[in-house]
Amino acid sequence: MGITMREKQTPLLTVTTLKVGYPTHQHDPLFTSLNLSLLPGALVCFMGPNGVGKSTLLRTLAGLQKPLEGMISFSSQPTSSPRKSSLGLKEISRKIAVVLTDKISAGSMTAQELIVYGRYPHLDWSLRLTKADEAAIQKAMEATHVLHLKNKKLYELSDGQLQMVMIARALCQETPIILLDEPTAHLDLNNRVEIMNLLRTVARKGNKAILLATHELDLALQTADQIWLAGKNKQLQTGIPEDLVLSGAFDEIFQLKGFDLKTGKVQHEAWRGITINLVGEGPEVLWTKNALERCGYRIEENGKVTVHLRIKESKPEWVLDRRELFHNLNTLLNMLSGIGKD
């Protein structure tokens with residue numbers, strides 16, 4: 001059976017010749033002539049240097065700020081133009097949920113009370129929650145694993161917990177599009193990974209388009225379906241992470257110092273002048289190579305010294321030149337440090 005082309009998806013959001021900036025600086029916009037789209041099921045990471053205008057573009061897409069020129073359309077229906085908003089904010093809020101970095105002043109509010117705000121675009125004048133509203137709130141709290149926090153005051157939450165609550169509020173809004181500004185900022189690695197994985201799952205399973213501005217280069221490269229890369233000439237480069245890495249786009253924009261983006265590793269100087277032939281398989285080899293390069297050794301196939309990595313009873317061990325056995329990398333490195341230079 002031959003390979004069939006995937007059916008072309010209809011964008012949930014389309015940007016046409018968009019000019020973004022502030023009315024007082026009409027002749028010096030942040031972005032100009034943008035033509036972009038957000039597809040269902042896609043997690044898009046929006047990246048670029050500080051001050052380039054990522055937050056401003058997000059606010060413009062969300063209808064919180066008018067574009068200077070161009071059109072923003074939701075499934076072919078205009079949501080915003082420089083002259084007027086074709087849709088009101090309430091209508092837009094049924095299509096786009098936003099998680100910004102603005103501080104929350106109502107710290108005495110409970111987590112559940114904040115999440116309930118996500119249902120306001122769907123409520124009538126009485127502001128009474130229906131069973132459908134309550135079900136949406138429950139589903140959002142379950143997806144973000146914050147049910148146990150629902151009666152906690154916001155000031156009692158950690159940064160990671162508060163961010164999850166904010167995402168739950170956006171989820172219960174039940175919009176096809178979610179925009180987030182730096183959702184992982186100031187969080188530890190575990191919370192950053194959890195949030196990125198959650199957003200990827202929500203996009204895929206909910207067939208939503210999720211766009212987030214982020215500085216998390218390593219996580220974006222591993223989780224994003226597409227990247228919007230802001231840089232020179234008030235334009236965006238777009239594509240899958242791998243293509244942008246291989247094309248040199250990231251190196252051009254960020255001018256990375258001491259980090260090899262193609263390998264995803266910090267570049268180390270082989271200052272010891274000793275080459276090592278590393279033999280073995282599995283993830284243990286990667287960590288062994290990392291330790292050796294970090295300590296100034298160069299890894300080469302015909303190295304002066306040979307290190308064999310093997311697994312015995314599910315534990316790694318290292319053999320130096322087929323003679324000396326080591327059960328941890330630290331003792332191996334100590335032994336290698338006594339070997340003279342070439």
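**View 1. Six strands line up in an open sheet.** In this predicted model, 6 strands sit side by side in the order β6-β7-β8-β3-β9-β10, making an open sheet with mixed pairing. Look for the ends of that row: β6 (96-99) and β10 (236-239) are the edge strands, and each has just a single partner, so one side of each is left without a neighbour in the sheet. How much are neighbouring strands turned against each other on average? The answer is 15°, with direction ignored.

**View 2. Strands β3 and β8 pair up.** Here we zoom in on β3 (residues 43-47) and β8 (residues 209-213), which run parallel and are joined by 4 bridges. To find your way along the pair, pick out C45, which has L212 of β8 standing opposite. Now bring in a helix: α1 (residues 54-61) packs on the sheet. Helix α1 touches β3, β6, β7 (177-181), β8, β9 (226-230) and β10, and its direction makes about 155° with that of β7.

**View 3. Helices α5 and α6 side by side.** Two packed helices are described by the angle between their axes and the distance between the axes. For helix α5 (residues 159-172) and helix α6 (residues 189-206), the axes come within 10 Å and cross at roughly 10°. Angles under 35 degrees count as roughly parallel, and α5 and α6 therefore get that description. Who does the touching? On the α5 side, it's G160, Q163, M164, I167 and L171; on the α6 side, it's N191, E194, I195, L198, L199 and V202. Sort the residues of this contact by type and you get 7 nonpolar, 3 polar and 1 charged.

**View 4. A second open sheet, with 5 strands.** This sheet follows the order β14-β13-β15-β16-β17, and the pairing is mixed. Its edges are β14 (298-299) and β17 (324-326); each has a single partner strand, so one side of each is left without a neighbour in the sheet. Further in, β15 (residues 305-312) and β16 (residues 315-320) run antiparallel, with 6 bridges joining them. One spot to find is I311, standing opposite P316 in β16.

**View 5. Helix α11 and its residue N330.** Helix α11 lies across β13 (275-279), β15, β16 and β17, and runs at about 10° to β16. N330 belongs to this helix, which covers residues 329-336. Is N330 buried or exposed? N330 has 51% relative accessibility, so N330 counts as exposed, the cut-off being over 50%. Finally, find A291: A291 and N330 are 39 residues apart in sequence, yet 8.9 Å apart in space, C-alpha to C-alpha.

Note on methods
Residues are numbered from 1 along each chain as its sequence is written. This is a predicted model: local features need pLDDT of at least 70, side-chain atom pairs count only at pLDDT 80 or more; totals for chains, interfaces and linings use all residues. Side-chain values use heavy atoms; hydrogens and water are left out. Two strands pair if DSSP finds at least two bridges between them. Helices (H or I, at least four residues) and strands (E, at least two) are DSSP runs, numbered from the N terminus. Axes are lines fitted to C-alpha atoms, for helices over the stretch in contact, and angles run from 0 to 180 degrees between N-to-C directions. Contact means heavy atoms within 4.5 Å. Buried means under 20% relative accessible area, exposed over 50%, partly exposed in between (1.4 Å probe, protein chains only). Angles under 35 degrees count as roughly parallel, over 145 as roughly antiparallel, 65 to 115 as roughly perpendicular and the rest as oblique. Ala, Val, Leu, Ile, Met, Phe, Trp, Tyr, Cys and Pro count as nonpolar, Asp, Glu, Lys and Arg as charged, and the others, Gly among them, as polar.
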